[in-house]
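Me: I would like to learn how to read a structure like this one, feature by feature. Could you take me through it slowly, giving the general idea before each case?

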Amino acid sequence: MLTIDVLTLFPELISTPLSQSIMGRAADKGIIDVRAHQLRDWAHDKHHRTDDYLCGGGQGMLMKCEPIFEAIEELRRENTKVILMTPQGRVFSQPVAEELAAPCVDGGDAHYIFLCGHYEGVDQRVIDTLVDMELSIGDYILTNGAIAAVVVIDAIARLLPGALGDARSSEEESFANGLLEAPAYTKPNVFRGMAVPEVFLSGNHKAMAEWKLEHSLERTKTNRPDLYAAWAAAHPEYFSPKKKKKRTPLTHYKPRPDKMETEHKE
Ligand SMILES: C[S@@+](CC[C@H](N)C(=O)[O-])C[C@H]1O[C@@H](n2cnc3c(N)ncnc32)[C@H](O)[C@@H]1O
């Protein structure tokens, strides 16, 4: 079971999104237990202050040591990892989500405390003394860490056995094999003159798998050349002349048909 304690000034920003849909069901099934705590509960002054002015002057306020130390010391267990949400941290990605989910994938337990910053962030002594991992969700600045923590918790939780209806859903998704997922279609087979690729109606699973890989590669090459280059370097056999000859050439994505022209044509 994965247990996560979240320390934040905005517990509802955690509890509301994580009680919905797949995350809500994962909690009901006992796969994950997320507890959002109000950090002010560990501030003992009259106004429950959690911030103070910057030492040496400067714009803004900083989150104080005292409530954070007290809260973490109370919630921490033997194997707890404390994760600080900060734009200065390691950039979150699918491999990091897998790393954080790993202890629980074979039925084990893990306990994380997510510390969510606000204002100008947290006092450096918190980072130096209590934090095991600093995590960023990307190179931009949010107003507070609870929003980032929801993103990270959601991405970890959906990797836990039983969280998704079908485990293959996460195995076949973008990034799982280093590529973006191939284009996907649902009914009707023809919509406004746009047909589902024939291969999906053929019932030929090998041909469908080949089609998906080729289009996954093409999409990755266009949208994420960095991922494409890494995949190509790791799979030289895919581009061998023998293999290439067997494959049908890739078609490039056509621009979206003009709406006026295609309307009522199905
Ligand atoms: C306004 S930000 C503080 C930014 C800080 N002064 C700096 O320049 O690094 C307030 C809080 O939002 C959270 N935050 C903002 N952007 C984030 C990001 N990209 N990833 C993770 N957390 C972020 C952090 O918890 C941070 O302490």
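Me: Let me start with a single residue: is P161 buried or exposed?

Reply: Before the case, a word on the numbers and the model. Residues are numbered from 1 along each chain as its sequence is written. This is a predicted model, in which local features need pLDDT of at least 70 and side-chain atom pairs count only at pLDDT 80 or more, while totals for chains, interfaces and linings use all residues. As to the general idea, a residue is buried if 20 or more other C-beta atoms lie within 10 Å of its own, exposed if 12 or fewer, and partly exposed in between, with C-beta atoms placed from the backbone. P161 is exposed, because 12 other C-beta atoms lie within 10 Å. P161 sits in the loop between α6 and α7 (168-171), and its C-alpha lies 26 Å from that of H37, a residue 124 positions away in sequence.

Me: How many helices and strands does the protein chain have, as you count them?

Reply: Helices (H or I, at least four residues) and strands (E, at least two) are DSSP runs, numbered from the N terminus. By that count, the protein chain has 11 helices and 9 strands. The radius of gyration of the chain is 24 Å, well over the 18 Å that the globule rule gives for 266 residues, so the chain is more spread out than a compact globule. That radius is taken over C-alpha atoms, and the rule is 2.2 Å times the number of residues to the power 0.38. Along the principal axes, the C-alpha atoms fill a box of roughly 70 × 45 × 40 Å, and buried residues make up 24% of the 266 residues.

Me: In what order do the strands of the open sheet lie?

Reply: Two strands are said to pair if DSSP finds at least two bridges between them. Here 5 strands form an open sheet with parallel pairing, in the order β2-β1-β6-β5-β7. The edge strands, which each pair on one side only, are β2 (32-38) and β7 (133-136). Neighbouring strands of this sheet are turned by 30° against each other on average, direction ignored, where the axes are lines fitted to C-alpha atoms (for helices over the stretch in contact) and angles run from 0 to 180 degrees between N-to-C directions.

Me: Which residues stand opposite each other where β1 meets its partners?

Reply: Strand β1 (residues 2-8) runs parallel to β2 and is joined to it by 7 bridges; L2 stands opposite I32, and D5 has R35 as its bridge partner. With strand β6 (residues 110-116), β1 pairs in the parallel sense over 6 bridges, and there V6 stands opposite F114. β1 is mostly covered, since 6 of its 7 residues are buried. L9, in the loop between β1 and α1 (11-15), is partly exposed, with 18 other C-beta atoms within 10 Å.

Me: Which residues come nearest to the ligand?

Reply: A residue is near a molecule or strand if its C-beta atom, placed from the backbone, lies within 6 Å of it. Of the 19 residues around the ligand, G117, G121, L142, G145 and A148 come nearest. The elements that give two or more residues to this shell are β5 (81-91) and α6 (145-157), and the largest share, 4 residues, comes from β5. The shell divides into 8 nonpolar, 10 polar and 1 charged, on a scheme where Ala, Val, Leu, Ile, Met, Phe, Trp, Tyr, Cys and Pro count as nonpolar, Asp, Glu, Lys and Arg as charged, and the others, Gly among them, as polar.

Me: How far does α6 reach from its first C-alpha to its last?

Reply: The expected span of a helix is 1.5 Å times one less than its number of residues. α6 has 13 residues and reaches 18 Å, close to the 18 Å expected. Its buried residues include G145, A148, V152 and I156.

Me: Which residue other than glycine has a positive phi of about 50°, and where is it found?

Reply: H48 has such a phi although it is not a glycine, and H48 is found in the loop between β2 and β3 (51-53). As for the peptide bonds, the one from K187 to P188 is cis, with omega near 0°.
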